[in-house]
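Please read this briefing alongside the sequence and the structure, going back to the picture after each point. The notes begin with a pocket and then turn to the chain and to two of its residues.

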Amino acid sequence: AGEGLTEIINLSFASEKMNRSFHGLTGGGRRAVSVLNPLTQEQSEMRASLIPGLIGTLRAHAEQKLKSFLGFELGKVFYGDPWEERQHLAGVLYGHRERKGLRVPETAWTFLELKGLLEGILEMMGMEEMIAWSRDEPPSFLHPGKAATLKTGETVVGILGEIHPNLSEESDLPSFLLFELDFGRLV
């Protein structure tokens, strides 16, 4: 919130398609938890990542023709086989970075600014020395040249990057940046 992001609280449900497309830190290898009696098909599974809910919120804001949107969510995600729930922190940055008091043109958020935002969060938690940044194997929903993975040892604790252009076009959304951290593991 101190960096200008707005907190968002979404429902803990997602559609099967969104859980498969935006699997977050699970790597897509863990089974999603199905809801036995869902109200709609868009709520047929428990979310495996916070990203689908944030994308839905971004879509609603983009439809209103807003120039920028910065949001984050701190909430639980759910995996199956064996069943587990974890606390994650995720965010989405879209549009131009607001400059107050300066007469410079507004510029779009960049990958390096997102990385700096996460470095600030990790520094505040006292974790900056324990985290290694890696460019190997970003999730399929992130742009391969504009993505990174955060690790402690060999354990992945976060991802960040720009949405893959194909998914952006498929979802009928403008290009945006996102991140997701395993907050429980970091704490």
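In this predicted model, helix α3 provides four residues to the lining of the largest pocket, which is the largest share of that lining. Both α3, covering residues 111–124, and strand β4, covering residues 68–79, supply at least two residues each to the lining.

**The largest pocket**
- The space inside the largest pocket comes to about 320 Å³.
- Its lining is made up of 14 residues, and those that lie nearest the centre of the pocket are Ala1, Phe72, Leu89, Ile121 and Met124.
- When the lining residues are sorted by chemical character, 11 are nonpolar, two are polar and one is charged.

**The chain as a whole**
- The chain contains five helices together with 10 strands.
- For a chain of 187 residues, a compact globule would be expected to have a radius of gyration near 16 Å, and because the chain has 16 Å, the two values agree.
- Taken along its principal axes, the C-alpha trace of the chain spans about 55 × 40 × 30 Å.
- Of the 187 residues in the chain, 44% are buried, while the chain exposes an area of about 10,400 Å², of which carbon and sulfur atoms supply 52%.
- Among the contacts in the chain with a separation of 6 or more, 59% are between residues that stand 24 or more positions apart.

**Val157 in strand β9**
- Val157 has its place in strand β9, which runs over residues 155–163.
- Is Val157 buried or exposed? Val157 counts as buried because its relative accessibility is 1%, and the cut-off for buried is under 20%.
- Beyond its neighbours within four places in sequence, Val157 is in contact with several residues, including Leu25, Ile131, Leu150, Glu180, Leu181 and Leu186.
- The C-alpha atom of Val157 is separated by 23 Å from that of Tyr94, a residue 63 residues apart from Val157 along the chain.

**Glu162 in strand β9**
- Glu162 is also found in strand β9.
- With a relative accessible area of 15%, Glu162 is buried, since the cut-off is under 20%.
- Which residues does Glu162 contact, leaving aside its neighbours within four places in sequence? Glu162 is in contact with Phe141, Leu142, His143 and Lys146, and also with Ser175, Phe176 and Leu177.

Note on methods. Residues numbered from 1 in each chain as written. Predicted model: local features only at pLDDT ≥ 70, side-chain atom pairs only at ≥ 80, totals over all residues. Heavy atoms only, no water. 1 Å grid on protein atoms, 1.4 Å probe; cavity = no way out; pocket = protein on both sides within 12 Å on 5 of 7 lines; lining within 4 Å. Points joined across faces, edges and corners; volume = space filled by probe spheres on them. Nonpolar A, V, L, I, M, F, W, Y, C, P; charged D, E, K, R; others polar. Rg over C-alpha atoms; globule rule 2.2 N^0.38 Å. Buried < 20%, exposed > 50% of the residue type's maximum accessible area, 1.4 Å probe, protein only. Contact = heavy atoms within 4.5 Å. Areas by Shrake-Rupley, 256 points an atom, 1.4 Å probe, with all protein chains shown as cover.
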